[in-house]
Amino acid sequence: MTMILIVEDEQKLAELLKDYLAQSSFDTTILDNGNYVIPYVRENKPDLVILDLMLPGRDGMEICKEIRTFSNLPIIMVTARVEEIDRLLGLELGADDYVCKPFSPRELVARVKAVLRRAGGETTIKAKGLVLDEARYQASLHCVDLELTAVEFKLLSFMAANPGRIYSRDQLMERIYSDHRIVSDRTIDSHIKKLRKKIAEQSPDEELIGSVYGVGYKFI
Ligand code: CA
């Protein structure tokens with residue numbers, strides 16, 4: 001069984017996460033004080049840690065840094081302020097993902113699965129009849145190959161790894177253009193349009209990519 005350590009001092013939130021993770025068959029332990037984390041991790045070797053930033057005792061940042069001195073176990077950092085995420089990214093703490101409060105427990109569970117999948121070296125995404133082989137850049141829908149461009153493949157696999165999660169155009173652009181060249185929002189829209197067309201050609205009644213008005217896109 002996959003064991004997840006929840007480090008969170010808001011008891012209600014911790015319990016809620018525990019319930020949601022249990023529904024996905026994850027075993028969980030809750031710690032509410034930063035001082036207990038390192039000894040616990042060393043002793044019990046959890047498969048993943050959900051780590052709140054602001055804690056009684058040692059804070060999440062310090063804990064994350066220390067874990068990285070002896071372990072590569074996946075860490076998802078949780079912060080109460082969206083502005084914190086930029087700062088945390090800049091510090092290169094070595095966390096695998098960052099989540100901002102308030103978040104939906106369902107989304108966090110999706111992130112947990114995605115992080116575990118990456119950590120396990122799995123490179124195939126399966127969702128709704130779609131199979132995306134990231135090592136070979138091959139995509140199929142209901143066993144029929146989809147002829148996708150590299151950019152379309154990246155967009156689709158990025159979204160399909162976290163069904164239901166909404167991505168802004170900026171987030172999608174960052175993901176596909178690692179050289180950070182300047183591209184307009186329209187570029188994403190036109191790639192999505194082509195992707196939808198290719199999906200519709202295989203499966204006309206199925207909508208896999210949803211638009212969220214004024215925000216961006218998601219894999220349904
Ligand atoms: Ca806290």
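This short talk covers the calcium site and the two largest pockets of the structure shown above. Please bear in mind throughout that the model is predicted.

I begin with the metal. Three residues coordinate the calcium ion: Asp 9 and Asp 52, each through OD, and Met 54 through O. The distances run from 2.1 to 2.3 Å. Along the chain, these donors follow the spacing D-x42-D-x1-M. Asp 9 sits in the loop between β1 (3–7) and α1 (11–23), while Met 54 sits in the loop between β3 (48–52) and α3 (60–68), so the pair ties together parts that are 45 residues apart in sequence.

How accessible are these two loop residues, Asp 9 and Met 54? Asp 9 has a relative accessibility of 33% and is therefore classed as partly exposed. Met 54 reaches 62%, and because exposed means over 50%, Met 54 counts as exposed.

I turn now to the largest pocket, which holds about 930 Å³ of space. Its lining comprises 33 residues, and those closest to the centre are Asp 97, Phe 158, Arg 165, Gln 171 and Arg 175. Which elements contribute at least two residues each to this lining? They are α4 (82–91), β5 (97–100), α5 (105–119), α6 (150–160), β10 (166–168) and α7 (169–176). Of these, α5 gives the most, with six residues. In terms of class, the lining has 15 nonpolar, 14 charged and four polar residues. Both domains take part: domain 1 (3–119) and domain 2 (124–219) each provide at least three lining residues.

The second largest pocket encloses about 250 Å³. Here 14 residues form the lining, with Arg 106, Glu 107, Val 109, Ala 110 and Pro 163 closest to the centre. Helices α1 and α5 each supply at least two residues of this lining, and α5 is again the main contributor, giving five. The lining of the second largest pocket consists of five nonpolar, five polar and four charged residues.

Where does the second largest pocket lie with respect to the domains? Domain 1 (3–119) and domain 2 (124–219) both give residues to its lining, so the second largest pocket lies between them.

To close, I would draw attention to α5, which gives the most residues to the lining of the largest pocket and also to that of the second largest pocket. As for the calcium ion, its donors Asp 9 and Met 54 come from two loops, so parts that are 45 residues apart in sequence are tied together there.

Terms used. Residues numbered from 1 in each chain as written. Predicted model: local features only at pLDDT ≥ 70, side-chain atom pairs only at ≥ 80, totals over all residues. Heavy atoms only, no water. Donors = N, O, S within 2.8 Å, 3.2 Å for Na, K, Ca; no water. Helix = DSSP H or I, 4+ residues; strand = E, 2+ residues; numbered from the N terminus. Buried < 20%, exposed > 50% of the residue type's maximum accessible area, 1.4 Å probe, protein only. 1 Å grid on protein atoms, 1.4 Å probe; cavity = no way out; pocket = protein on both sides within 12 Å on 5 of 7 lines; lining within 4 Å. Points joined across faces, edges and corners; volume = space filled by probe spheres on them. Nonpolar A, V, L, I, M, F, W, Y, C, P; charged D, E, K, R; others polar. Domains from an automatic or database assignment.
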